[in-house]
Amino acid sequence: MAAQNWTSFVEFVAARSSALQRAAYLMVGDVGLAQDLVQEALVKTCGAWPRLRDPGAAEAYTRKVITTTAMAWFRRRAWSAERSSGHPPDTPAPGHADGVTERAWLWQCLLQLPPRQRVAIVLRYYEDLSEAQTADAMSCAVGTVKSQVSAGLTKLRSLVGDEIMLPPESHEVVTS
Amino acid sequence: MTETLKSVLAQQAASVAFKPPDLEAIARDHNRNIRRRRVTTVLATVAAVAVVAGTAGVLLGQPSRQADVAEPLSTGGVSWAVGSTIYHGSDTIDVGHKVKAMVRTSVGFVTVDDANNVYSVTGRGVTRIGQTPAVPADGTDYVRLVSDPQGTLAGWIGGDYSGAVLKVHDQATGQTRTFDTDGAKPPYGAVFFAIDDRTAYWRIATRGAVLAVDVDTGAERQLASSSEAHTVEIWSVENGVLAFSPNHRSNDNPVPLRVGRSIADGREITFGENAEPTGQVVLSPTGEWMSYLLVEFNGPPQQDDVRAFAAQVRDTRTDELVTLNLPQPSFAVPVVWLDGTTVQVLVIIGQDGNMYACAIPEGSCTAGRDIPRAQLEGNGLVLPNGRSVTD
C-alpha cells in the first residue's frame, strides 16, 4: 500500500474503530470476538482501500464485512443453538429494579434473539441505519430486514413484557 | 421498566473497553495476502502443467525442466478419467481411487470416488478433502461437483439427505469452507449450481432463496424472490453471466433457457421447432459463448422419439450459431471450456471415441487423443463436468 493510502487508512482506523468495535460487540455479545471480528474486517478494508477512497464508503464496507462475517461465524458455531434456551433469563426481583439491573436483564434478553434478528436490530436501532442501509450491510433484501426486526422485537416483548419502551418504528406494520 | 431498547444498546456498548486494532498485524496480514495472491498465480500455472506431467514435486525442483512449464499444451488440455486414471493432454495421473465424478480447476482436479469421498488432485498430490452424499436412486446424471475451470475453487454438497451443508474448497490454499443450509435437503432443496471466480451459486429451499455468495466474505446476494426460488435452475455462470431456466420443469431439459446478468433481465434463447438442449449447458469463461448438446425430435419433444443429437456453440450476444467442423456422422458432446475460445468436445464414431478441442468462433476442431474402445464400453468414462457415472 502506498504511504499516502496507509496514512489515510490509519486515520480511518483511529477515527472509526471504536464505533465499529462497539457495534460488533452488540452483534456477537463478546468483547474478544468483537475485537477479532473488527481486526479481520480491517485487513479486508485495507486491501480494498485504494478503491474505497472516501471514509463513508470505507465505513459502510467495513460494517458489511463485520456483519456478514459475524453471521457466518454464527452459522459455523451454531451460536443460536448453543446460546438460546428459549426461556428468558431470570426476572429481576421486585424492589431491585435499579437501572443497572434492568439494563443487564434487557441485554441478556437481547442475547436470546437469533443472530440475524439481533444483527438487524443493532444496525437499525444502534447504528441508526435505514432499512435499505441495513439490507446492504446484511446483504439481504429490505423485506428481510423488516421481517427480522419485527420478529426480533416481538420476541423481545415476549421476553421482557409489554412495559418496555421500544422505539416508535417498532410499531410499524410489516408486510413482507 | 423504563429503559428504551436504543439506550440499552448504547449503554451496554459504552460499558465495555476495547483494545485498539493491531495496525502492525493488519499491515502484515495485508502484505501476506498480496504475496499469497501473487504466489498463487505463479503456482497455479506451474501446478497445472505439473499435474499434466504427474511429477510436480520434481518439476518444481528442477530448473532444467522450466522449458516444459512454459511450453503450451499441444492437446489443448483435454481431459477425462477412467477407473483410477485421469487422462490429461498426453499424460496420465493415477489418483489411487476409482473416479466417479470429476471437475477441473486452474490448479488441478477434484474427484469423487465410489465411496463418495471427495479428493483434491494437484501437483502436491492427492488429498481427501470431504464427503458427499451417495447419488439418489434416480440420479444417474446427477451433478456432484462444480468448479470454475479458470479459477481455483471447487464445490460440492456435504452432509447427508436429512440436511446438507455446502462445501467450497480452494485448491490454491488447501482450505475448505462450510456454509450452512438450515437443514435443506438435497437433491432439490439444497442445490450447488455453479462457481464463478470467487462467487458460489446455490439454492437453499429452507430459506426460500437462490443465492450468489462471496465465498471469502460470506456476503450474500439474493437472485430470485422466494416465490421463484423453487423453480429457478441455474445451469452455468461465467464472468457474471448466467444461463438459467426461470421456471424449470423438474427432471427435464433446460427449457425455457435464458442468458443474462440477472434472473430478471435474462434473454430467452430459442432452438427451433422440435428441438431442446440438454442440461449440459456450459458458458465460456467470458460468458460470450454457450455450448450445449441439442436434441432434435421427430415431433413434439418426447424422450423416446429422438431424431438426432448435435453439439452446438452459440454467441450469447447475437444468438449466432457456430458450426463445429467435426467428423460426420458422429455423436458429439461439448464438455468443458479450456479457455475463452476453445471448447473440449467428446466425439464418438461407431465404437470409437476421441476428445477434440474446437476453436471458437472459427469452428475448427483438432483431435486431441483417442479414447481406447474399452474405455467407452461399460459406461466408465468420466468427463470433467462434475456429473456422476454409473457402473
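B:Pro361 sits in the loop between strand 27 (352–359) and strand 28 (365–371) of chain B, with strands being DSSP runs of E, at least two residues, and helices DSSP runs of H or I, at least four, both numbered from the N terminus. The peptide bond leading into B:Pro361 from B:Ile360 is cis, with omega near 15°.

This is a predicted model, so local features need pLDDT of at least 70 and side-chain atom pairs count only at pLDDT 80 or more, while totals for chains, interfaces and linings use all residues. Residues are numbered from 1 along each chain as its sequence is written, chains are lettered from A and ligands numbered from 1 in the order in which they are written, and side-chain values use heavy atoms, with hydrogens and water left out.

Two aspartates join that proline on the list of backbone oddities. B:Asp319 has a positive phi, near 75°, and belongs to the loop between strand 23 (306–315) and strand 24 (321–322) of chain B. A:Asp128 has a positive phi too, near 60°, and is found in the loop between helix 6 and helix 7 of chain A. For background, most residues other than glycine have a negative phi, and most peptide bonds are trans.

A:Asp128 also takes us to the interface. Its side chain meets that of B:Lys6 in a salt bridge, meaning a side-chain nitrogen of Lys or Arg within 4 Å of a carboxyl oxygen of Asp or Glu. Between chain B and chain A the count is 1 salt bridge, against 13 over all chains. Another of these bridges pairs A:Arg63 with A:Glu127. A:Arg63 is in helix 3 (residues 55–77) of chain A and A:Glu127 in the loop between helix 6 and helix 7, so this pair links parts 64 residues apart in sequence.

| Salt bridge | Closest N to O |
|---|---|
| A:Asp128 – B:Lys6 | 2.6 Å |
| A:Arg63 – A:Glu127 | 3.0 Å |

What does the rest of the interface look like? Chain B puts 38 residues in contact with 45 of chain A, contact being heavy atoms within 4.5 Å. Together the chains bury about 3,800 Å², 65% of it on carbon and sulfur atoms; that is the accessible area (1.4 Å probe) the two parts lose on being put together, summed over both.

Helix 1 of chain B also meets helix 6 (residues 115–126) of chain A: their axes come within 10 Å and cross at roughly 95°, with axes taken as lines fitted to C-alpha atoms, for helices over the stretch in contact, and angles running from 0 to 180 degrees between N-to-C directions. The two helices are therefore roughly perpendicular, a label for angles of 65 to 115 degrees (under 35 is roughly parallel, over 145 roughly antiparallel, the rest oblique). On the chain A side are A:Ile121, A:Val122, A:Tyr125 and A:Tyr126, and they meet B:Leu5, B:Lys6, B:Leu9, B:Ala10 and B:Ala13. This contact divides into 8 nonpolar, no polar and 1 charged residue; here Ala, Val, Leu, Ile, Met, Phe, Trp, Tyr, Cys and Pro are nonpolar, Asp, Glu, Lys and Arg charged, and the others, Gly among them, polar.

Within chain A, helix 7 (residues 131–138) and helix 8 (residues 142–160) have axes that come within 8 Å and cross at roughly 100°. That makes these two helices roughly perpendicular.
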